[in-house]
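Work through the exercises below with the sequence and the 3D view side by side. Try each task before reading its solution.

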Amino acid sequence: QVHIVESGGGLVQPGGSLRLSCAASGSFVNLNAMGWYRQAPGKTRELVARIFTDDETDYHTSVKGRFTISRDNAEHTVFLQMNSLKLEDTAIYYCYTEDYTGTLKLTSWGQGIQVTVSS
């Protein structure tokens, strides 16, 4: 059982910054990656950023150069530094963990946290 707690969301003006945190607790067999998805009203959920245990990162094209994902492996915590925020970044952000038991992928999700970019 994996428990995920997200924090750091809120309301910010365009051009501003926010830092999201995600702490995962529980038992992992072979944690492969942690990251963030987001879902805006009327849109499908999309991958924002993820970081693998070898520190490789992956970003959605729309956030490259503005968002930075980092992690603390020892604490199973990831951070998403979001700079130069735009109106279109408004969404619910979901933290997730990707674990493997053999070839079986186990994905766990947080409850989601609201990020609103508005003037």
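Strands are DSSP runs of E with at least two residues, numbered from the N terminus. With that numbering, Thr-90 is placed in the loop between S8 and S9. The model used throughout is a predicted one.

**Exercise 1. The overall fold**

Task: State how many helices and strands the protein has, and decide how its radius of gyration stands against the globule rule.

Solution.
- Step 1. Count the elements: there are zero helices and 11 strands.
- Step 2. Write them in sequence order, which gives β-β-β-β-β-β-β-β-β-β-β.
- Step 3. Compare the radius of gyration, 14 Å, with the 14 Å from the globule rule for 119 residues; the two are close, so the protein is as compact as a globular protein of that length.
- Step 4. Add the outer dimensions: along the principal axes, the C-alpha atoms fill a box of roughly 45 × 25 × 20 Å.

**Exercise 2. Surface, burial and charge**

Task: Find what percentage of the residues in the protein is buried, and describe its accessible surface and its charges.

Solution.
- Step 1. Of the 119 residues, 39% are buried.
- Step 2. The accessible surface is about 6,400 Å², and carbon and sulfur atoms account for 47% of that area.
- Step 3. Take the contacts between residues at least 6 apart in sequence: 55% of these join residues at least 24 apart.
- Step 4. The protein carries 10 positive and 12 negative charges, and the mean positions of the two sets lie 7 Å apart.

**Exercise 3. Salt bridges**

Task: The structure holds five salt bridges. For the pairs Arg-50 with Asp-58, Asp-55 with Arg-71 and Arg-66 with Asp-89, give the distance between the closest N and O atoms, and classify each residue as buried, partly exposed or exposed.

Solution.
- Step 1. Set the cut-offs: a residue is buried under 20% relative accessible area, exposed over 50% and partly exposed in between.
- Step 2. In the bridge between Arg-50 and Asp-58, the closest N and O atoms are 3.1 Å apart. Arg-50 has 23% relative accessibility and is therefore partly exposed. Asp-58, at 28%, is also partly exposed.
- Step 3. In the bridge between Asp-55 and Arg-71, the corresponding distance is 2.6 Å. Asp-55 sits in the loop between strand S5 (46-52) and strand S6 (57-59), while Arg-71 belongs to strand S7 (residues 67-72), so this pair ties together parts 16 residues apart in sequence. Asp-55 is partly exposed because its relative accessibility is 47%. Arg-71 is partly exposed at 21%.
- Step 4. In the bridge between Arg-66 and Asp-89, the closest N and O atoms are 2.8 Å apart. The two residues are 23 residues apart and link distant parts of the chain: Arg-66 lies in the loop between S6 and S7, and Asp-89 in the loop between strand S8 (77-82) and strand S9 (91-101). Arg-66 has 10% relative accessibility, so Arg-66 is buried. Asp-89 is buried too, with 0%.
- Step 5. Look for a network: Arg-38, Glu-46, Arg-66 and Asp-89 are linked by salt bridges.

**Exercise 4. The surroundings of a loop residue**

Task: Which residues does Thr-90 touch, not counting those up to four places away in sequence?

Solution.
- Step 1. Locate Thr-90 in the loop between S8 and S9.
- Step 2. Leave out residues up to four places away; Thr-90 then touches Ala-40, Gln-114, Val-115, Thr-116 and Val-117.
- Step 3. Set a residue pair beside this: Thr-90 and Glu-75 are 15 residues apart in sequence, and their C-alpha atoms are 28 Å apart in space.

**Exercise 5. Two residues of one strand**

Task: Describe the exposure of Thr-107 and Trp-109, and list their contacts beyond four places in sequence.

Solution.
- Step 1. Thr-107 is in strand S10 (residues 104-109), and Trp-109 is placed in strand S10 as well.
- Step 2. Thr-107 has a relative accessible area of 35% and is partly exposed. Trp-109 is partly exposed at 38%.
- Step 3. Thr-107 touches Tyr-96 and Thr-97. Trp-109 is in contact with Ile-4, Tyr-37, Arg-45, Tyr-94, Cys-95 and Tyr-96.
- Step 4. Check the separations of two C-alpha pairs. Thr-107 and Val-78 are 29 residues apart along the chain and 15 Å apart in space. Trp-109 and Gly-16 are 93 residues apart in sequence and 26 Å apart in space.

Technical notes: Residues are numbered from 1 along each chain as its sequence is written. This is a predicted model: local features need pLDDT of at least 70, side-chain atom pairs count only at pLDDT 80 or more; totals for chains, interfaces and linings use all residues. Side-chain values use heavy atoms; hydrogens and water are left out. Helices (H or I, at least four residues) and strands (E, at least two) are DSSP runs, numbered from the N terminus. The radius of gyration is taken over C-alpha atoms; the globule rule is 2.2 Å times the number of residues to the power 0.38. Buried means under 20% relative accessible area, exposed over 50%, partly exposed in between (1.4 Å probe, protein chains only). Contact means heavy atoms within 4.5 Å. Accessible areas come from the Shrake-Rupley method with a 1.4 Å probe; for residues, only the protein chains shown count as cover. Lys and Arg count as positive and Asp and Glu as negative; His and the chain ends are not counted. The place of a charge is taken as NZ of Lys, CZ of Arg, CG of Asp or CD of Glu. A salt bridge is a side-chain nitrogen of Lys or Arg within 4 Å of a carboxyl oxygen of Asp or Glu.
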